[in-house]
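Me: I should like a close look at a single part of the structure shown below. Please give one connected account, with the reasoning set out.

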Amino acid sequence: MMTKGLLKVSGAVVLVVAVILTLQTFFTVDEREQVIVTQFGEYVRTINKAGLATKLPFIQTVTRFDRRVLATHAPQAEYLSQDKKRLVADPVTRWRIADPLKFYKTVRDESGARARLDDLVFSELRREVASHTFASVIGAQREGIMNSVAASARERAGEFGIEVIDVRIKRADLPREVQASVFGRMQAEREREAKRYRSEG
């Protein structure tokens, strides 16, 4: 009787151990992600193909990264144009993880990448805006300016395993205090025109 009980307990223990080992050995890679395997913090391999993969149980660790195109919305910041006019803009950067190992070693995760990209894009956009007039930045040359920002950011982001796809400005405005004075001037101009039309009959 006791032997049967022991056999049942032993069988249950073996089953639990087998399940744990299976869960620790096999894992799936989704088509939307890429994976690096590390052993005690040291790089072992990168897996880019979707499907079932294996690792050494308890010894090796799986770190997953998104392989889709990601977007970073930088906080609104102020830039100074070549003709000394202030511009408030909020750039959006589209990017992807091109080299998972380099990405893991330099920025670790997406939040680290977003912080680096925000700094890069702010720096490049500030440089480009400073070399163009306000009218150029908000007018016809805007796309060319943003392409230059993207190209510069792409070159610098490569060292973090990141590929910058493009950079766009969601919205470009004058600072609030400048907006008030501009609207005031526009209103005064319209009032002068209205008075002139009235005086001319």
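Which exposed residues does the face of helix 3 turned away from its buried side carry? Please set the answer in the context of the helix and its salt bridges.

Reply: The model is predicted, and what follows should be read accordingly. The face of helix 3 turned away from its buried side carries the exposed residues Ser111 and Asp119.

The helix itself comprises 21 residues, from 110 to 130. At 1.5 Å a residue these should span 30 Å, and the C-alpha atoms at the two ends are indeed 30 Å apart, so expectation and model agree.

The buried residues of helix 3 are Ala113, Leu117, Leu120, Val121, Glu124, Leu125, Glu128 and Val129. Because they cover an arc of only 150° around the axis, they lie on the same side of helix 3. The general geometry is familiar: an α-helix has 3.6 residues a turn, so residues three or four places apart point the same way.

Two of the residues in the buried set, Glu124 and Glu128, are glutamates, and Glu124 merits particular attention. Its relative accessible area is 6%, and Glu124 is therefore buried, the cut-off being under 20%. The side chain of Glu124 meets that of Arg156 in a salt bridge, with an N to O distance of 2.8 Å. Arg156 belongs to helix 5 (residues 142-157) whereas Glu124 belongs to helix 3, so the pair ties together parts that are 32 residues apart in sequence. Arg156 has a relative accessibility of 34% and so counts as partly exposed. The bridge thus pairs a buried glutamate with a partly exposed arginine. Salt bridges that share partners extend this contact, joining Glu124, Arg127, Glu128 and Arg156 into one network. Glu128, like Glu124, is listed among the buried residues of helix 3.

For context, a search of the whole structure finds ten salt bridges. Another of them is formed by the side chains of Arg94 and Asp166, at 3.2 Å from N to O. This pair also links distant parts of the chain, with Arg94 in strand 8 (residues 86-97) and Asp166 in strand 9 (residues 162-173), 72 residues apart. Here the acidic partner, Asp166, counts as buried because its relative accessibility is 17%, while Arg94, at 36%, counts as partly exposed. A further salt bridge joins the side chains of Asp30 and Arg32, at 2.9 Å from N to O. In that case Asp30 counts as partly exposed at 28% relative accessibility, and Arg32 counts as partly exposed at 47%.

Key: Residues numbered from 1 in each chain as written. Predicted model: local features only at pLDDT ≥ 70, side-chain atom pairs only at ≥ 80, totals over all residues. Heavy atoms only, no water. Helix = DSSP H or I, 4+ residues; strand = E, 2+ residues; numbered from the N terminus. Expected span 1.5 Å × (residues − 1). Buried < 20%, exposed > 50% of the residue type's maximum accessible area, 1.4 Å probe, protein only. Arc of directions from axis to C-beta. Salt bridge = Lys/Arg side-chain N within 4 Å of Asp/Glu carboxyl O.
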